[in-house]
Amino acid sequence: MGIQFTDEQQRLIKEAVRWYKHSSEQVLQYSAPAGAGKSTVMHAIINELGLLPDEVAPMTYIGSAAIVMRLNGFHNACTAHSWLYEISEEADKHPLTGKIIKKIRFIRRPLDKNKIKLICVDEGGTIPYTMKKDIEANGIKVLVCGDLDQLPPVLDKPAYLYTGKVHRLTKIMRQAKFSSIIEISNLLRNGHTPKIGDYGDVLVIPRSNLVNEMIMTSDSIICGTNRTREYFNNYIRSDLFGFKTKLPQYGEKLVCRKNNWHIEVDGINLANGLSGRVSSPTSISKFDGVKFKINFVPDLFPDIVFEDIECDYQYFIADFKTRRQMKNMMNMAYGDTGEKFEYGYSITTHMSQGNQYKNGIYIQEYLNPEIQRNLNYTGLTRFRNKCIYVLPFSRTFGRGFTPKPVKKSVVSIDGKPII
């Protein structure tokens, strides 16, 4: 049985074909929530145009999002930097400290118009505006998709989705209608909070019912604040795993916190937000007090290995407030002290964008009401198969973590209301 497209999707596919063949506009943009078939529609458009996979340049800004594109069938998906630029490194002295600062220059590399017939951009809202002209400089048509219900960019002005004409898909595909992750995510998009209960793919519990077994079997814990994130990272390492060393051990979860477009493996750059694991024991005997080396494997793509990554030790062991100060002075006072990594058992919702996990925990917190809806929606939709949705204690984080048995309350999506 083939894919059953919604009427919205059919209209968008026809419009995209008309745009590609007859319109003078270079860019077509569309937004789709979880379950509305964002990638499915992009594949359908490519097929309707009769384009071969190697005639398409699939790209995204975030390294983890490029990996997700590959998992969704775009075998040659890479970061935009990998597609568009050659990168050179220059050294200069900082005027105050005198330390050597390494600066990266991006030299635009034209795409071959005889080979590449279409540029496909996913997570279009994360592309910085400064890259827009380079993406469009080749005169190749650009198909952009994303999800406007996710968190908006924090610092950069986005190149796509937030301006111009944006087509909106709103209907959930039949194949996703029976997923409680999709059902509850749609409620979250409308500003609702789910009630406690077991909905199959989603278990909604109060914070007091979060137990160690849930934490140990989760791919990731996603939360709203760095304070909560640091609490769980420390708790998992010291209380659950019993690690006493500050250096990461084999198999531990880390997340990259600084883009380094100079480091690339198979078209995937070492990018901010890329989560993965240490794939070799950290050698304390070679640790010089400034940098330590790791091999790093992204969670979603075990065939990619970033080897001998030199990591900044002082940044790694600092608390989140100190790391924020260090990032504000990034490479200005510290010079070349290595890549910025942090423990990644728990990450913030902002850091999770572009990632996907099979199962895990989302911890709702009371934050800025203007982005609360986007936070909850983005956090839940990072998980494909299962999610434990943890409701907050109160409007303060003040309580510590106290493991208690889970009391399940079975509620059906088609039975009792979930809001």
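Colleague: In which sense do strand 11 and strand 20 pair, parallel or antiparallel?
Modeller: This is a predicted model, and in it strand 11 (residues 220–223) and strand 20 (residues 357–363) pair in the parallel sense, over three bridges.

Colleague: And what stands opposite Ile221?
Modeller: That's Ile361, in strand 20.

Colleague: OK, zoom out a bit. In what order do the strands of the open sheet come?
Modeller: The order is 9-10-21-20-11-19, so to speak left to right on paper. Six strands make up this open sheet, and the pairing is mixed.

Colleague: Which strands stand at the edges?
Modeller: Strand 9 (197–198) and strand 19 (346–348). Each has a single partner strand, so one side of each is left without a neighbour in the sheet.

Colleague: Which strands does helix 8 touch?
Modeller: Helix 8 (residues 226–240) packs on the sheet and touches strand 11, strand 19 and strand 20. Its direction makes about 170 degrees with that of strand 19.

Colleague: And helix 12, what does that lie across?
Modeller: Helix 12 (residues 369–380) lies across strand 10 (202–206), strand 11, strand 20 and strand 21 (383–391). It runs at about 135 degrees to strand 21.

Colleague: New topic: rings. How many aromatic pairs are there?
Modeller: The count comes to 15. Take Trp19 and Tyr20: their ring centres are 6.2 Å apart and their planes are at 65 degrees, so that pair is edge-to-face.

Colleague: Is Trp19 buried or exposed?
Modeller: Trp19 is buried, with a relative accessible area of 2%.

Colleague: What about Tyr343 and Tyr345, how are those arranged?
Modeller: They form a stacked pair, 6.4 Å centre to centre with 20 degrees between the planes. Both tyrosines are buried. They also belong to one aromatic cluster with Phe241, Phe243, Phe292, Tyr313 and Phe316.

Colleague: Where does the charged end of Lys157 sit?
Modeller: Over the ring of Tyr129, 4.5 Å from its centre. Arg70, for its part, lies over the face of Phe301, at 5.6 Å from the ring centre.

Colleague: Last one. Which residues touch the most other members in the largest nonpolar core?
Modeller: Phe341 and Ile361, out of 39 residues. Ile361 is the residue opposite Ile221.

Colleague: What is Phe341 in contact with?
Modeller: Leaving aside neighbours within four places in sequence, Phe341's contacts include Leu254, Val255, Leu270, Phe296 and Tyr315. Apart from that core lies another, of 26 residues, among them Tyr85, Val121, Leu161 and Ala271.

Conventions. Residues numbered from 1 in each chain as written. Predicted model: local features only at pLDDT ≥ 70, side-chain atom pairs only at ≥ 80, totals over all residues. Heavy atoms only, no water. Pairing = 2+ DSSP bridges. Helix = DSSP H or I, 4+ residues; strand = E, 2+ residues; numbered from the N terminus. Contact = heavy atoms within 4.5 Å. Axes fitted to C-alpha atoms, helices over the stretch in contact; angles between N-to-C directions. Phe/Tyr/Trp six-rings, centres within 6.5 Å; stacked < 30°, edge-to-face > 60°. Buried < 20%, exposed > 50% of the residue type's maximum accessible area, 1.4 Å probe, protein only. Lys NZ or Arg CZ within 6 Å of the ring centre and 35° of its normal. Core = buried A, V, L, I, M, F, W, Y, C linked by side-chain atoms within 4.5 Å.
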